[in-house]
Amino acid sequence: MRFSLFLFISVVLVNACSTKDESAIHPKFGTITESVYAAGLVKAENQYTVFASTTGALQKIHASVGQSIFKGQALFSIDNEKAALQTENAQLAYQLSQENNRYIQDKIAEMELRVQEAKDKMTVDQSVYLRNKNIKAYNVISEVAFEKVELAYKNSKNNYEAAVKQLAQLKAQVHNEQRKNNINLQFSQKNQGDFTVKSAVDGELFDVLVKEGALINPQTPLAIIGKKSAYLLELEIDENDMARVNLGQTLLVTLDSYKGSVFSAKIDKIYPIMDLRSRTFKIEAHFIQLPPKLYPNLTAEANIIIHEKKNTLTIPKSYLVDDTFVLVNKNEKRKVSTGLSDYYQVEITAGLSKDDFIYKP
């Protein structure tokens, strides 16, 4: 009986000690890093999705996936038979206007001659009118004769002004007609050029998203292009964390393709507008330490380093009660002051020492 009682007490004591060992710890000194979480994708520099600016059937694909391309290179041809006919019609109209130019210039020269003749007659009539006006006071000329001279001058003056106006209208009409035909030709040529989709950058053709014969429109994605062997991170940050993010901050990046590895990067661009749908901000970062091999659209996660403290007193976050207290002597609450924190631990700035025991709630 005494042996059984001793065995029972021993088991209770062992269990008590085991419980204390599992939950009671000392605060410890170490390094704590405060960071902001971000997630996104790896993208090639200048990566963009190619779209057409017109509607039609895809006639020809001029490049293949993985091919190096240059800015301005033709990538796709869209059926443009109708646009070609419009361009040909505009070309004929322009050529016809050029051929008629000689005839029109003859008309202008003829009109200029009429203007000169009208001006010469007006000058003569004006001279006669002024002479008769000067001698009228001496009663050398009758009133009727003077009125005839005055009327002849007025008529020649009106004829000259009308001829000048007609000449100006003819020149304006010719200029506008030629300009109209030229604009129509340029517009048709530009419209026909829209049926050839060209690359906007030097780089690599990562993917072709359509097949020949498909009906496409300006909303149809055709291909994805980007700069070969030059990559960046495009990440999204929650609006609650954005105020602490700045240019030049360091990121610790993990990729699903490189499990267990951490790569460093630096923020070099912040987009100053929030996406209303996801309530996030977009940033761009470049790798400081580049992975051996990358591809566009790889999934990436990152921690943006906000602050880092070394040799500071810390405890696990799970030992904190209501963000303000810790348990000492199992059931006794003690108020503490906290500083930096990460996902696992929190800095204790006051209320505990490294020799205190604390218990997990």
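This passage describes strand pairing and one nonpolar surface patch in a predicted model.

Four strands are arranged in an open sheet, in the order E7-E6-E4-E9, with antiparallel pairing. The edges of this sheet are formed by strand E7 (196-198) and strand E9 (215-216), each of which pairs on one side only. At the E7 edge, the contact with strand E6 (residues 74-78) is antiparallel and extends over three bridges, and within this pairing Ser77 of the sheet has Thr196 in E7 as its bridge partner.

A further antiparallel pairing is found between strand E16 (residues 325-328) and strand E17 (residues 332-335), which are joined by four bridges. Among the residues involved, Leu327 is matched with Lys333, its bridge partner in E17. The two strands, E16 and E17, form a hairpin in which three residues lie between them, and Asn329, located in the turn, adopts a positive phi of about 55°.

Outside these strand pairings, Ile135, Tyr138 and Val140 make a nonpolar surface patch of about 340 Å². Of these residues, Val140 is placed in the loop that lies between helix H3 (101-135) and helix H4 (143-193). Val140 has a relative accessible area of 62% and is therefore classed as exposed, because the exposed class comprises values over 50%; the cut-off for membership of a patch, over 30% relative accessible area, is likewise met by Val140 with its 62%.

Methods:
Residues numbered from 1 in each chain as written. Predicted model: local features only at pLDDT ≥ 70, side-chain atom pairs only at ≥ 80, totals over all residues. Heavy atoms only, no water. Pairing = 2+ DSSP bridges. Patch = residues over 30% accessible without salt bridge, like charges linked within 9 Å, V, L, I, M, F, W, Y side chains within 5 Å. Areas by Shrake-Rupley, 256 points an atom, 1.4 Å probe, with all protein chains shown as cover. Salt bridge = Lys/Arg side-chain N within 4 Å of Asp/Glu carboxyl O. Buried < 20%, exposed > 50% of the residue type's maximum accessible area, 1.4 Å probe, protein only.
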